[in-house]
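Trainee: Could you take me through one part of this model in close detail? I would like to follow how the helices pack, with a look at the ligand site along the way.

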Amino acid sequence: MANKVLEVNDLSKIYKGAEYEVTALNKVSFELYTGELLAIMGTSGSGKSTLLNILGALDEPSSGKVFLNGKETKDFFKEPKATLYRRDNIGFIFQSFNLLKDLTVAENVGLPLILKGMEKKEVEQKVDEMLSLVGLAKWKLHRPIQLSGGQQQRVAISRALITSPPIVLADELTGNLDFNTTKDILNVLVDMKNRLNKSIIVVTHDPNVAMYSDRVLFFHDGKIVDEYKCQGNNNLQNILKKFQRIMEIGQ
Ligand SMILES: Nc1ncnc2c1ncn2[C@@H]1O[C@H](COP(=O)(O)OP(=O)(O)OP(=O)(O)O)[C@@H](O)[C@H]1O
Ligand SMILES: [Mg+2]
């Protein structure tokens with residue numbers, strides 16, 4: 001049995017304002033295993049980003065528990081501990097890449113290690129190894145703006161993985177990329193996951209993205225309403241069918 005890296009128990013999030021109350025997550029429970037790529041699909045407003053924000057300690061749950069490697073994370077939802085928690089445990093990949101434009105590719109990728117206090121020589125060596133793995137060794141002294149969207153996302157993936165975090169969270173990581181670049185990025189992500197045994201959660205609207213995952217959770221109205229375990233490469237139609245069913249409930 002694979003090692004359970006993340007356990008989410010009855011997680012709920014209610015946003016309350018003077019005039020509104022929204023249940024963004026309603027008692028969500030699931031597990032993530034070491035080396036697993038888990039996709040999360042669902043209707044718009046079903047709580048996917050809220051979930052990633054809580055798992056990444058960017059937001060606090062209203063109730064429920066999260067365990068990372070068996071340890072409850074409740075002490076880490078508030079600053080300043082949240083920042084340290086993120087630095088040590090979470091790799092983020094965003095739709096908009098979020099690279100620092102004034103830094104080179106190598107500096108962007110090495111930044112999380114510098115922030116952890118690693119010595120410059122060691123950082124350079126680790127960055128070189130990582131950039132070779134994603135096929136960007138030649139670009140290390142370029143600035144992000146000199147790269148294509150797909151290359152920029154490979155830089156962002158490298159930056160997310162460089163500290164070897166126990167979990168990597170990606171929200172619509174291919175949302176800004178065309179079909180072929182999307183395939184290229186997913187191949188890089190799956191290759192990295194296999195080589196480095198990473199545990200990754202990707203939120204996506206795109207069944208072509210979910211097809212690369214090991215398992216898909218379908219969200220609607222703050223709840224997990226369906227699950228699909230992927231086997232082999234011919235699962236696009238099955239994922240599409242389930243996704244369409246969820247979209248129909250949503251209407
Ligand atoms: N900061 C906030 N304050 C109040 N309500 C919020 C806040 N963030 C999210 N919500 C609400 O919570 C629900 C879930 O939002 P969330 O962003 O998690 O959805 P999503 O599944 O990521 O949607 P999408 O696919 O459109 O990105 C929505 O109804 C949204 O309006
Ligand atoms: Mg979202």
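**Ligand site and helix packing**

Mentor: Gladly, and let us start at the ligand: a polar side-chain atom of lysine 48 lies 2.7 Å from an oxygen atom of ligand 1. Keep in mind that this is a predicted model. Glycine 45 also takes part, with a backbone N or O atom placed 2.8 Å from an oxygen atom of ligand 1. Histidine 205 uses its side chain, where an N or O atom is 3.3 Å from an oxygen atom of the ligand. Altogether 13 residues surround ligand 1, and the closest are Ser44, Gly45, Lys48, Ser49 and Thr50.

Now to the helices. Two packed helices are described by the angle between their axes and the distance between the axes. Take helix H3 (residues 105-115) with helix H4 (residues 120-133): the angle is about 125° and the axes are 9 Å apart. That angle makes H3 oblique to H4, and the crossing is right-handed. On the H3 side, the contact is formed by Val105, Ala106, Val109, Gly110, Leu113 and Ile114, while H4 supplies Val123, Lys126, Val127, Met130 and Leu131. By class, these residues are nine nonpolar, one polar and one charged.

H3 also packs against H5, here at about 25° with the axes 7 Å apart. An angle under 35 degrees counts as roughly parallel, so H3 and H5 are roughly parallel to each other. Their crossing is right-handed. H3 brings Val105, Asn108, Val109 and Pro112 to this contact, and H5 brings Val155, Ser158 and Arg159. The contact of H3 with H5 has four nonpolar, two polar and one charged residues. Val105 and Val109 of H3 thus appear in the contact with H4 and in the contact with H5.

From H5 (residues 149-161) we can step on to helix H6 (residues 179-196), which packs with H5 at an angle of about 20°, the axes being 10 Å apart. H5 and H6 are therefore roughly parallel to each other, and they cross in a right-handed sense. H5 contributes Gly150, Gln153, Arg154, Ile157 and Leu161, and these meet Thr181, Asp184, Ile185, Val188, Leu189, Met192 and Leu196 of H6. The classes here are seven nonpolar, three polar and two charged.

How values were computed: Residues numbered from 1 in each chain as written. Chains lettered and ligands numbered in written order. Predicted model: local features only at pLDDT ≥ 70, side-chain atom pairs only at ≥ 80, totals over all residues. Heavy atoms only, no water. Axes fitted to C-alpha atoms, helices over the stretch in contact; angles between N-to-C directions. Helix = DSSP H or I, 4+ residues; strand = E, 2+ residues; numbered from the N terminus. Parallel < 35°, antiparallel > 145°, perpendicular 65-115°, else oblique. Left-handed = near helix turned anticlockwise from the far one by under 90°. Contact = heavy atoms within 4.5 Å. Nonpolar A, V, L, I, M, F, W, Y, C, P; charged D, E, K, R; others polar. Near = heavy atom within 4 Å. Polar contact = N/O pair within 3.5 Å; in protein donor to acceptor, adjacent residues only side chain to side chain.
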